Amino acid sequence: ARRSDRPSVAEPLLDIYMKMLDNEVTDDIARHLVERLNNEISAAEMNKPDKVQEAVLAAIAMLMPVNGEIQLREDGKPTVVVVVGPTGVGKTTSVAKLATQFRVHHKRRVGLITEDTSRPGGMEQLRSVAQLLNIPLSVADTPERIRAAINQAQDREIVFVDTAGRVPKDTVSLKELAKMLEIVHPDEVHLALCGFSSHKHILDLLKRFGLVKFNRVLLTKLDEAITYGILMTIAAHMDCGLSYITTGQDYMENIETGNARMLARLVLGEISLPRSVPVT
């Protein structure tokens, strides 16, 4: 069926189309991309594999909205960053990695707040990180207490808020989370998504968590994915940018800002995570 319904494009682009399908890019996205490039790449360049590859990489990178790392406020007040998402995606570990990045690598005054008092081990994980980094940790299980904890952290440059995981089908819980965010009024809300989820699951999460009005997407556990076509699905269906990707459990190293070209190379299968070749 795949052979009989191939797009009418030059052979080099057809090869890339098939490669994208193998990497689980959806047919409609892969087809649209190669058909557009078929009209944009000249006949002379089409016979140069490196030119075609570069054009495809650039086109995919253009489709990858990235925000770069968190930008601190300039008015002296702490930048408040809330991480939300479904259960089990690694929100607490991601918060710990972000705190480590800003405390160790950026030398910033960091504060931690956790709303998640129900999950076994979650609070202990953040408490261990807070002790290791010598930063304050507050436990606040209501919006008002979170706001109060932020008000008490005015000496911090950035405050990370870890939230309890929400069941996507629990609309009441999501509305409560949205109400909490209205009261807390954070500078950034990062939706944590698991990097090896299915296309259908990712689309459902983006739709359901739209209630909380997130403005960043943070991809977790991307090193556990076998293919990376899901990145194209996320890019095509979100209205905000990708902030960070996380891989592994190492707080010091296994997190990095979104890089459009690196993500494009993942989609095409040029590199994998952990990366075997450097990003260019």
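This note goes through a few strands, a helix, a pocket and one residue of a predicted model.

1. Strand β6 (216-220) is a good place to begin, since several of the later points return to this strand. Five of the five residues of β6 are buried, so the strand is largely enclosed by the rest of the structure. Arg216, Leu218 and Thr220 point one way from β6, while Val217 and Leu219 point the other way, and burial holds for all of them.

2. On one pairing, β6 is joined to strand β5 (residues 188-194) in the parallel sense, over five bridges. Within this pairing, histidine 190 stands opposite arginine 216 of β6. Together with helix α9 (199-208), the strands β5 and β6 make a right-handed β-α-β unit.

3. Another parallel pairing links β6 with β7, here over four bridges, and β7 covers residues 241-246. Valine 217 has leucine 242 in β7 as its bridge partner. A right-handed β-α-β unit is made here too, by β6, α10 and β7.

4. Helix α10 (residues 230-237) deserves a separate look, because six of its eight residues are buried and the helix is thus largely enclosed by the rest of the structure. The buried residues are Ile230, Leu231, Met232, Thr233, Ile234 and Ala235. Against what do they pack? Their partners are the helices α2 (27-40), α4 (49-62), α9 (199-208) and α11 (260-267), together with strand β6 (216-220).

5. Threonine 246 belongs to strand β7, and a reader may ask whether this residue is buried or exposed. Its relative accessible area is 3%, and because the cut-off for burial is under 20%, threonine 246 counts as buried. Leaving aside neighbours within four places in sequence, the contacts of threonine 246 include Leu218, Leu219 and Thr220, which are residues of β6. Elsewhere in the sequence, threonine 246 is also in contact with Ser94 and Lys97, and with Asn254 and Ile255.

6. The second largest pocket has a volume of about 160 Å³. Its lining consists of Ala178, Leu181, Glu182, Pro186, Val189, Leu211, Val212, Lys213 and Asn215. Helix α8 (residues 171-184) supplies the largest share of this lining, with three residues. By character, the lining divides into six nonpolar residues, one polar residue and two charged residues.

Note on methods: Residues are numbered from 1 along each chain as its sequence is written. This is a predicted model: local features need pLDDT of at least 70, side-chain atom pairs count only at pLDDT 80 or more; totals for chains, interfaces and linings use all residues. Side-chain values use heavy atoms; hydrogens and water are left out. Helices (H or I, at least four residues) and strands (E, at least two) are DSSP runs, numbered from the N terminus. Buried means under 20% relative accessible area, exposed over 50%, partly exposed in between (1.4 Å probe, protein chains only). Contact means heavy atoms within 4.5 Å. On a 1 Å grid over the protein atoms alone, a cavity is a set of points where a 1.4 Å probe fits but cannot get out, and a pocket is an open set with protein on both sides within 12 Å along at least five of seven lines; lining residues have an atom within 4 Å of a point. Grid points are joined across faces, edges and corners, and a volume is the space filled by probe spheres set on the points. Ala, Val, Leu, Ile, Met, Phe, Trp, Tyr, Cys and Pro count as nonpolar, Asp, Glu, Lys and Arg as charged, and the others, Gly among them, as polar. Two strands pair if DSSP finds at least two bridges between them. A crossover is right-handed if, with the strands pointing away from the viewer, the path from the first strand over the helix to the second runs clockwise.
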